[in-house]
Each structure stands twice: as C-alpha cells, then as structure tokens.
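Could you open the model in your viewer and keep the selection tool at hand? We will go from stop to stop, and at each one I will say what to select and what is there.

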Amino acid sequence: MRSFLTPDLKDEIRRKVDLVDLVSAHVALKKAGKYYKGLCPFHQEKTPSFHVDRDKGLWHCFGCLRGGTAFDFVMQTANLTFPEAVQELARRAGVRLERTPEESRRASEREQMLRALKAAAAFFREQLHEPRIGTPARDYLTRRGIDGATAERFGLGYAPAEWDALRTTLTRKGHQSALLERAGLIQPRQRGEGYYDLFRHRLMFPITDLQDRVVAFGGRTLDPDGQPKYLNSKETAAFSKGKTLYALVLARDAIRQADEIVVVEGNIDAVTCHQFGIHNAVASLGTALSVEQVLLMKRFAGRAVLVYDADAAGMAAAERAMALFDEVELPVRVVVLPSGDPDAFIRADGADAFRALLAGALPVFDYQVAMAARRHDAATVEGKVKIVDDLLPALTAVTNPVRQAEYVRALAERFGLREDAIRQRLKARSRSRTPEHPSVTVSPAPATSRAMTVDPSVVITEGSAEIARSRAEILLLRLMVHEPEVRAQVASKLDPGDFSDPAHRGLVEALFVAPNEESGRLQERLNEKEQALFLRMLFEETTVEEKDKEKVLADAIAYLAERAPAALRRETLAREIRDAQAAGDDQKVRQLQMQYLKLVGTTDLPEGR
Ligand SMILES: [Zn+2]
C-alpha cells in the first residue's frame with residue numbers, strides 16, 4: 001500500500017506542509033528561540049515541553065518523548081494509519097497522489113464514517129432551506145434572532161419530522177445502513193426490521209473536530225413537548241464527547257488573540273455569542289466538563305470565563321467545573337447571570353451588556369463567596385458562621401498555601417471576622433477528614449554502581465566505566481546530530497561498533513551512512529528507539545561551548561577508541577576475580593589480581609566525565 005509513495009513524493013509533501021501551521025490547529029504555539037513551544041497534545045501537562053522545529057519539519061515532546069515528522073503528528077492526533085496520514089497531508093499540501101480504485105475501496109471505516117457525517121450535515125442544511133419542510137426550523141431561528149449568515153457559518157440544519165428521511169437519502173448515495181448506525185445517525189427498530197433516524201424534527205448543530213470535519217451532531221427539539229430537549233450523537237470512532245468542544249474551530253483564532261476562552265453550556269448560547277461579536281466562545285456539549293476538555297482549552301487560552309445558566313443546575317455545574325480548572329491550573333473566572341441563559345441575556349440586553357458581564361466576571365473564590373452570601377444573612381452572627389462553613393470545602397481544596405492564606409484574609413475582612421477563627425475551623429475540618437490521597441511511598445533509587453573490595457589496596461567501582469562510556473557516546477552523538485561536519489570527523493576515527501548502546505550504535509550508523517542527509521529524511525530510516533533518541537538530541541541544546549568543542553570532541557573519541565576498551569577489560573577482570581573468590585580458588589584470584597594491577601598501571605581508572 002506504501003508503494004505508490006516514493007521517497008521524493010514524501011519529501012515534497014513534507015516540505016510543502018508548514019508544521020507550525022499544522023500543529024497550531026491543535027496547540028497554541030509560541031516562538032521560543034529557534035523553536036516553537038506549546039502544551040503537548042499527547043500527554044497531560046501544565047508547562048510546555050512540546051517543541052516544533054519549523055525549518056526541519058520535526059517535533060518532539062520532552063515530557064512523553066513522542067516526536068517525528070508531520071506524518072507522525074497527523075497519525076497520532078487524528079488516529080490515522082500511515083497511508084491515511086499521507087493522503088491527508090498530500091491534500092493539504094496540494095500534492096496529487098495516484099490512488100488505485102482498490103486503495104479507494106480500502107479507505108478505512110473512519111473515513112467512510114466522516115464522509116457519511118459530512119453528507120448528513122449537507123442533507124440537514126438543505127432541509128433547513130426547503131421552502132416548506134424547513135419552515136419550523138427557520139421560524140425558530142428567527143424567534144431566537146439568529147441570522148442567515150450565522151446559521152451558514154455554523155452549518156446549522158434541520159432534521160425533518162419523518163422516520164427515515166436521512167437514512168433514505170444517504171443509503172441512496174451509497175452509505176450503508178450499518179455504517180450510519182455506527183456513526184450514530186440511525187437506530188435499528190425495536191420491533192421488526194429496518195432502522196429509523198435518530199434526529200427528527202430538530203434544529204441540527206454539526207460538531208466538528210479540530211480539522212473542521214463534522215464528527216457528530218447536537219439536535220435541539222422543535223416540539224414544545226419533545227424529549228430530550230437536547231440530543232447529542234453517541235460516542236463513535238470519529239467522536240469522543242469528553243475531548244471535543246462545540247465551535248472550537250470557529251473560535252480558535254479569537255481565543256488565541258484574546259488569550260481567553262468563554263465557555264457556555266448550550267450550543268445555541270455559543271452561536272448567539274458569535275453572532276454578537278463574542279467570537280472566543282465555545283460550548284461544553286451539554287455534558288459536564290471533563291478534564292480533557294479543560295486541557296484542550298488550555299492549549300489555546302491562558303485563562304477562561306465560565307458563563308453558566310443562572311439556575312441551580314447551572315450553578316452546580318459551575319462549581320464542579322471550577323475544581324477541574326483548578327486541577328489543570330487554567331485561571332478561570334465566573335460570570336453570574338442575573339437570570340436565564342447567555343442567549344436570552346444577549347438578546348434582551350445586547351452584546352455590550354454581556355461584554356460588561358464578562359469583564360466583571362468573578363475569580364472562583366469571590367464567586368463562591370458571592371453565592372454563599374446569597375444563601376445566608378451576612379448581617380447576623382449565625383449567617384456569618386454558615387457562610388464560612390459553606391466555604392470551608394472550597395478553602396480546603398485550595399492547594400497553594402499562599403493563595404489559601406490570601407483567601408482567609410479576604411474572607412475575614414469582608415465579613416468582619418477574625419482570621420485565626422476561620423483558620424481554626426479550617427483546621428478542625430481537615431482533621432476530621434480522612435485524606436483522599438494516601439501519601440505515596442517513594443522507594444529508594446536503585447544504586448547505579450556497587451563498590452567491591454578485591455584487595456585492601458584495590459577498590460573497583462563496578463559500572464563507573466559503563467557510565468563514563470555512555471557519557472562519551474552521548475556527547476559525540478549530540479555533536480554529530482547538531483553539526484553534520486562533525487560526522488565525518490568521528491567516522492574517520494571510530495566504528496559504529498565502538499558505541500556500546502544499541503540505540504546509539506543504530507543512530508551512529510545512520511549518521512555515518514548519510515552524513516549530509518536532512519533531518520526529516522534521516523529520521524525515517526531509524527527504528528522507534530533511535531528516532532526518539534535522535535529527536536531528543538536534536539531539540540536539546542548542545543552543552544559544549546564553541547571554544548571547547550575541538551578538545552571535547554578529541555577527548556571523547558580517544559576515550560571510546562582507547563580507554564573504554566581498557567576499562568571494559570578491567571571490569572571483566574574484576575568480575576572474574578569476584579567469581580574466583582566466590583569459588584574459593586585462591587590461586588586464580590591472585591593470578592587475576594596481578595593482571596588487574598598491570599592494567600591499572602598502564603591506564604588510570606576513568607572517573608565519571
Ligand atoms: Zn508529550
């Protein structure tokens with residue numbers, strides 16, 4: 001299946017794809033020196049260790065050690081096979097690939113699913129514009145003040161009030177019913193054969209992934225008594241609810257620009273926000289927010305504003321969400337709506353009033369204080385006690401002691417209480433609770449070297465030669481990776497066989513074979529371990545200063561060529577001495593010790609360098 005793809009074609013695609021552009025769809029990258037840095041999309045982290053080298057077209061994460069080319073990035077983010085990733089990037093780069101009918105047929109299930117979802121979105125959109133059929137949905141949009149341009153931008157549609165309008169249309173276009181079922185568009189009938197459409201008489205909101213492909217739908221019923229009011233696609237091979245945010249693709253640029261993300265509950269709230277010029281708004285897809293969703297936000301924004309409904313459910317959801325933001329360490333503020341939802345507020349009071357609300361959003365703790373003050377009478381002693389008691393869980397949850405002290409002080413000031421009185425209640429509370437996280441037992445680090453006494457005069461540190469050797473190998477490799485001209489110099493003095501670590505040896509071989517090859521192509525000839533090593537070194541700064549380079553290089557080469565083999569012989573001897581001692585063979589022990597002392601006389605023991 002790879003056969004259609006020549007190395008040249010692969011290079012052409014790689015050269016034409018801007019890796020920074022490609023990655024930026026998933027991560028907000030910031031320029032840092034010659035690289036771009038951001039939060040890794042593959043592991044959970046709070047400080048950026050994900051690096052992109054735009055010129056070389058390579059990326060590497062120091063946290064999870066993943067890395068590679070644009071192909072690897074697309075394979076891992078979109079969960080594609082290599083041929084699929086090639087197709088995707090070729091399309092992006094405008095490179096034409098020959099594809100046999102056989103290959104087209106073998107396009108994966110996921111690709112077929114995405115095509116079916118795209119066709120479904122087109123069908124729903126058409127229905128919305130049908131003069132007669134689309135009337136209820138258009139009326140609803142008019143009532144909610146959503147204009148045609150906005151509906152178009154969000155790809156809004158209408159699922160007609162029929163049992164199998166979608167299925168009939170899509171199967172006629174060649175999409176199999178079984179696939180449509182797996183894509184969450186239709187369901188098997190409970191009695192008898194056949195299927196029925198999952199979404200009926202609903203306003204349809206296509207949900208897209210970060211590549212702007214439709215992966216799911218949200219549908220709002222247009223029947224006043226319809227249940228459920230909002231219906232989302234189930235999880236499929238193309239859609240993971242907990243990792244997706246509604247409207248993120250449309251909001252992405254505005255989020256980056258403002259460095260802030262506005263989070264609302266309903267799809268319609270997000271649509272309204274955008275229509276009224278608040279372009280950095282996304283919706284949480286109706287479900288409670290997940291850690292992954294908050295991490296996804298953090299990839300694009302430095303802070304967040306939660307705008308949840310003013311009812312009890314909305315406030316409870318906001319409380320739960322705040323804990324997640326705290327966990328992920330994405331600063332968050334909360335808007336207290338006077339009533340209803342953001343959509344209703346914007347339409348009644350206008351975008352400027354809403355913007356004022358956003359600007360006046362409260363930091364989490366202030367929000368919690370405001371809510372507690374709403375519940376109790378702060379004018380009485382009992383009321384104050386109750387307010388403080390309500391806030392104890394939130395105060396306990398604050399992991400940063402400086403911040404906690406700050407909160408206690410603010411609380412005392414606001415309600416005219418003594419700080420130590422609050423602190424006492426806090427202490428009493430934490431004492432009465434069993435710890436949620438038992439302390440972690442840390443086992444001692446394994447010893448890297450072991451001293452062994454052969455003779456009172458000769459102490460051998462087993463393993464130190466190995467460490468010194470590995471250091472010399474890494475030093476040389478790093479210099480060779482960064483500076484192609486060093487490769488020939490090392491190759492004239494050393495063999496790949498002089499490197500003892502298998503991954504080091506593999507990388508050295510590749511560097512010797514093609515000393516002038518560009519990094520992107522070179523790394524494709526390496527196995528997984530060698531690749532990880534290569535990328536790590538490529539993104540690490542060389543620690544050797546220019547003026548010391550020649551000497552360091554000569555020393556490391558000399559060490560591997562001469563001293564390392566001698567050190568290895570010494571270690572072998574030491575092992576033999578130990579074995580002879582264990583066997584009680586005194587004569588052999590003496591013999592070996594003589595050999596050892598002779599060796600030590602000619603070469604000194606390498607100290608870790
Ligand atoms: Zn990572």
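Start by selecting D212, which is exposed because it has 11 other C-beta atoms within 10 Å. For burial, C-beta atoms are placed from the backbone: a residue with 20 or more others within 10 Å of its own is buried, one with 12 or fewer is exposed, and anything in between is partly exposed. D212 is in the loop between strand 9 (202-208) and strand 10. Check its backbone too: phi is positive, about 65°, although D212 is not a glycine.

A word on what you are looking at: this is a predicted model, in which local features need pLDDT of at least 70 and side-chain atom pairs count only at pLDDT 80 or more, while totals for chains, interfaces and linings use all residues. Residues are numbered from 1 along each chain as its sequence is written.

**The whole chain**

Now zoom out and colour by secondary structure. The chain has 27 helices and 18 strands; these are DSSP runs numbered from the N terminus, with H or I over at least four residues for helices and E over at least two for strands. Of its 609 residues, 36% count as buried. Among contacts between residues at least 6 apart in sequence, 62% join residues at least 24 apart. Two residues are in contact here if their C-beta atoms, placed from the backbone, lie within 7 Å.

**Along from strand 10**

Go back to strand 10 (214-221) and follow the loop that leads to strand 11 (230-232), where you will find P228. The peptide bond from Q227 to P228 is cis, with omega near -15°.

Next, select helix 11 (residues 248-258). Its buried residues are L248, L250, A251, R252 and I255. What covers them? The cover includes helix 8 (148-153), strand 12 (260-264), helix 12 (267-275) and strand 13 (281-283). Just after helix 11 comes D259, in the loop that leads to strand 12. D259 has a positive phi, near 55°, and is a residue other than glycine. With 12 other C-beta atoms within 10 Å, D259 is exposed.

Stay in this region and pick V271 in helix 12. Is V271 buried or exposed? It is buried, with 26 other C-beta atoms within 10 Å. Leaving out residues up to four places away in sequence, V271 touches I146, T150 and F154. Try a distance label from V271 to R153: they are 118 residues apart in sequence, and 9.4 Å apart in space from C-alpha to C-alpha.

**The nonpolar cores**

A nonpolar core is a set of buried Ala, Val, Leu, Ile, Met, Phe, Trp, Tyr and Cys residues joined through C-beta atoms within 7 Å. The largest has 134 residues, and L117, V282 and L306 are the ones that touch the most other members. Helix 6 (residues 109-129) gives the most to this core, with nine residues. Centre on L306 and show its contacts: beyond four places in sequence, L306 touches V263, A318, A321, V332, V334 and V335. A second, separate core has eleven residues, among them V388, L395, Y407 and L411.

**A five-stranded sheet**

Select residues of strands 1 to 5. They form an open sheet in the order 1-2-3-4-5, with antiparallel pairing; two strands pair if DSSP finds at least two bridges between them. Strand 1 (30-32) and strand 5 (67-68) stand at the edges with a single partner strand each, so one side of each has no neighbour in the sheet.

Within the sheet, three bridges join strand 2 (residues 35-38) to strand 3 (residues 50-53), and K37 stands opposite H51. Four bridges join strand 3 to strand 4 (residues 58-61). In that pair, F50 has C61 as its bridge partner, and D53 has L58. Strand 3 and strand 4 form a hairpin with four residues between them, and G57 in the turn has a positive phi of about 70°.

For the last stop, add helix 25 (residues 528-539), which packs on the sheet and touches strand 2, strand 3, strand 4 and strand 5. Its direction makes about 95° with that of strand 4, where axes are lines fitted to C-alpha atoms, for helices over the stretch in contact, and angles run from 0 to 180 degrees between N-to-C directions.
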